[in-house]
Structure formats: structure tokens, C-alpha cells
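Student: I would like to go through this model with you and ask, at each step, what a given term rests on.

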Amino acid sequence: MFSSLAGNENVKITLRRLAENGRMPNSMLLSGDEGVGKRQFALEIAKSLVCKEPANREACGVCAACQRADKFLFPKLDEKDDHKRVIFSDHPDIGMVIPYNRNILIDAIRHLESEANYRPYEAEARIFIIDNADKMNDPSANALLKTLEEPSATTYIFLITSRPDKLLPTIRSRCQSLRFAPIASEKIEEFLIGERAYTHDEARLAARLAQGSIGRAVSINVEQFRKRREKMMDVVSNSIQNGGFAALLKTAEEMNDVKDKTAFEENLNVLQSIIHDVWSLSVSGNQARLVNTDFAAAIGHLAKDLGQADLPGWMSLIDEVRENLKVNINRKIAADALFVSIAGV
């Protein structure tokens with residue numbers, strides 16, 4: 001059932017045991033960091049429940065039901081009315097609720113409640129997945145409670161979240177919980193090479209940067225990252241060697257010229273990864289911990305020549321800028337202030 005999914009072997013063992021014993025819970029909470037495969041696991045469970053030719057209760061993956069199970073046509077982000085309903089895949093017994101902006105709309109949960117009372121159309125069960133379930137507000141969560149308390153024997157509801165603490169305790173208590181761990185970088189590397197045709201060098205770098213998340217790994221543009229890293233390495237070098245304040249301000253200006261806020265934040269992420277590598281190597285001397293392994297020589301040189309550089313303080317400053325961006329702080333002011341503080345001027 002899960003052979004194509006990387007990592008979380010303990011979760012696979014648990015799910016296989018539940019499936020083989022015919023004891024799959026009607027309500028499950030799948031929690032863990034972003035991008036570790038929670039939704040794909042939920043869809044694999046859904047496939048096993050609708051599959052026409054299961055083997056040991058695992059989905060065959062090739063029958064018409066399996067082929068249709070995970071084919072969704074999601075609405076555009078600004079189509080609010082379409083987010084007020086359960087979105088069904090090409091299989092009429094598998095549906096998903098997704099957030100509209102920052103909230104799961106109560107209308108979508110009420111629609112789920114209604115649909116959960118119907119008997120399956122084709123399969124022996126109906127499956128509903130609530131993605132980013134932590135985005136339910138209290139009214140939405142309370143609307144779901146009745147369905148969780150009195151589930152139909154043929155209805156399965158899977159809640160997916162990276163922030164289970166944001167869910168109402170009454171919701172959590174009515175679901176069997178499965179916790180997903182970050183995926184080992186070696187597993188991510190194997191996936192990128194085998195499934196996405198990355199070169200070994202690209203896969204190794206993306207896997208290190210992903211911090212246990214396959215979703216994050218596949219979103220990384222390695223070539224673009226390397227270009228950003230060259231510039232951010234200059235920032236760190238100039239800051240540590242106290243010889244390039246003018247160059248720092250020039251880099252800050254270039255970052256401000258980027259129209260895309262996401263690109264600005266990615267520059268911050270790259271900068272922080274380099275600073276963390278230099279700091280980690282200066283403390284432990286262990287190159288195996290580096291993210292930017294292909295820059296080990298340059299990072300090692302900086303780690304031996306830190307002087308008065310406050311690397312943990314620099315990382316905290318970057319965290320502050322990242323938080324301030326959430327309230328739309330002026331990026332020019334933020335970048336200038338950051339580099340002035342890092343330079344110690």
C-alpha cells in the first residue's frame with residue numbers, strides 16, 4: 001500500500017496492521033511537519049478502501065477505482081463558493097475539504113456532515129480528508145464533532161495537520177492519532193533521484209535543505225538556490241571579516257529590488273542556512289552536520305576566523321525579520337537594519 005511513499009516505516013507498519021485486521025478507525029488524525037507525506041498516506045488508505053482488487057486489504061494501484069481515487073480538480077484560490085463544498089476526486093466516494101485563505105469554511109464542514117450520511121456510491125466506504133484541519137475555527141470544528149461522535153460504519157474521516165495543538169481537544173480525543181516524523185535525508189535523496197530524475201549532487205543538496213520534508217525538497221529550485229547562495233556567502237564573509245559594509249548594503253538593495261516577497265524570504269532562508277553551518281562547524285567541527293556540504297571548504301575557513309561574530313544572534317535577527325514580514329514591514333527597512341546589525345555598525 002505504501003511502497004511508493006518514502007519514510008515513516010513505523011506508521012506504515014501500524015496502518016498495514018490495522019488494514020489486515022479490518023480495524024481501520026473511522027476517524028484518524030494524521031499530524032507531523034509540513035511535507036512529510038501525510039496527505040499521500042491518507043490517499044493511499046482511501047485507495048485501499050475503494051480498491052476493486054485489494055491484496056491483503058492493500059490497494060492494487062492499477063484498477064479503475066485506484067486510478068481515479070487521487071485525481072482532484074481543486075478550485076482556484078479566489079473561488080470562495082467552491083470552497084464551501086467537499087471537493088470530490090474522480091471517484092465519487094473520496095472527497096476532500098481544503099481551506100479558503102486561512103480558514104476552513106463552516107459550509108464545507110456542513111456539506112461533509114451531509115455527505116457522510118449517504119451510503120457509498122461505488123465502493124464499500126466513503127472517505128473524507130480534511131486538509132490543514134488546524135484551519136478550522138471553533139464553529140467549523142464544533143460542526144464536525146457530531147459526525148465524529150456518531151460516524152457511519154461506512155464513513156472514514158482523516159484530519160491532516162502540522163499543528164495538532166490548534167485543534168479543539170474534543171476533536172483530538174475523537175480521533176486515533178498517527179504522528180509522522182521528518183524523513184531521513186538519505187530517503188529524500190533516493191526519492192529525488194528515483195522519482196524526479198535529480199542528479200546525485202542536486203538530490204543531496206535538496207535533501208539536506210529540505211529538513212525532513214519531501215514536499216519542501218521537490219519545491220527547491222537547486223540552480224536558483226546556488227545563485228542565491230553565492231550572494232549570501234559574500235554577505236557572511238563580509239560580515240565576519242568586517243571589511244565589506246558597502247557590499248552588504250548593495251546586497252540589501254538588490255534584495256529589495258525583488259518584487260516577489262517569497263524570493264526575499266528565500267534569500268533569508270539561504271543566508272540563515274549558511275550562518276547555521278558556519279556556527280555548527282565552529283562548535284562541533286563535524287562536517288557531516290553541514291547543509292551546504294559542497295561549500296564545506298569555504299564554510300570551514302569562515303568557522304576558523306569568526307572573531308567577535310555573534311552567529312546565534314544573527315540567526316535570531318533573521319527570525320525577527322521573518323516574523324515582521326508577516327505584518328508587511330517595509331522590506332528595505334528590514335534588510336538594511338538586518339545587515340547593519342550583522343555588520344556591527
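Student: Which helices and strands each supply at least two residues of the lining of the second largest pocket?

Tutor: Keeping in mind that this is a predicted model, the elements that each supply at least two residues to that lining are α2 (38–50), β5, α7 (185–196) and α9. Among these, α2 gives the most, with four residues. The pocket has a volume of about 520 Å³, and of the 23 residues that line it, G35, V36, G37, K38 and Q40 are the closest to its centre.

Student: What makes a residue of that lining polar or nonpolar, and how does the lining of the second largest pocket divide?

Tutor: Gly is counted among the polar residues, whereas Val is nonpolar and Lys is charged. On that scheme the lining of the second largest pocket divides into nine nonpolar, eight polar and six charged residues.

Student: Which helix gives the most to the lining of the largest pocket?

Tutor: That helix is α12, with 10 residues, while α9 (214–219), α10 (222–241), α12 (261–284) and α14 each supply at least two. The space in this pocket comes to about 1100 Å³, and of its 25 lining residues the closest to the centre are R216, E265, E266, N269 and R322. By class, the lining has six nonpolar, nine polar and 10 charged residues.

Student: Why are α14 and α15 called roughly antiparallel?

Tutor: The axes of α14 (residues 311–325) and α15 (residues 331–343) cross at roughly 170° and come within 10 Å. Angles over 145 degrees count as roughly antiparallel, and the two helices are therefore given that description. On the α14 side the contact is made by W314, L317, I318, V321 and L325, and on the α15 side by R331, A334, L338, S341 and I342. These contact residues divide into eight nonpolar, one polar and one charged.

Student: How do you know that α4 and α5 are, by contrast, roughly parallel?

Tutor: The same kind of reasoning applies, with a crossing angle of roughly 5° between the axes of α4 (residues 106–115) and α5, which come within 8 Å. Because angles under 35 degrees count as roughly parallel, α4 and α5 are placed in that class. In this contact I106, I109, L112 and E113 of α4 meet P139, S140, A143, L144, K146 and T147 of α5, and the residues involved divide into six nonpolar, two polar and two charged.

Student: What makes β2 and β6 the edges of the sheet?

Tutor: The sheet is open, with six strands in the order β2-β3-β4-β5-β1-β6 and mixed pairing. β2 (87–88) and β6 (176–180) each have a single partner strand, so one side of each is left without a neighbour in the sheet.

Student: How do you know that β4 and β5 count as paired, and in which sense do they run?

Tutor: A pair needs at least two bridges, and β4 (residues 126–130) and β5 (residues 155–161) pair over five bridges, in the parallel sense. Within that pairing, I127 stands opposite Y156 in β5.

Student: At what angle does α5 run to β5, and what is that angle called?

Tutor: Helix α5 (residues 138–149) lies across β1, β4 and β5, and runs at about 135° to β5. That value lies between the range of 65 to 115 for roughly perpendicular and the cut-off of over 145 for roughly antiparallel, so it counts as oblique. Helix α1 (residues 9–20), which lies across β1 (27–32) and β6, runs at about 150° to β6, and that angle is over 145, so it counts as roughly antiparallel.

Note on methods:
Residues are numbered from 1 along each chain as its sequence is written. This is a predicted model: local features need pLDDT of at least 70, side-chain atom pairs count only at pLDDT 80 or more; totals for chains, interfaces and linings use all residues. Side-chain values use heavy atoms; hydrogens and water are left out. Contact means heavy atoms within 4.5 Å. Axes are lines fitted to C-alpha atoms, for helices over the stretch in contact, and angles run from 0 to 180 degrees between N-to-C directions. On a 1 Å grid over the protein atoms alone, a cavity is a set of points where a 1.4 Å probe fits but cannot get out, and a pocket is an open set with protein on both sides within 12 Å along at least five of seven lines; lining residues have an atom within 4 Å of a point. Grid points are joined across faces, edges and corners, and a volume is the space filled by probe spheres set on the points.
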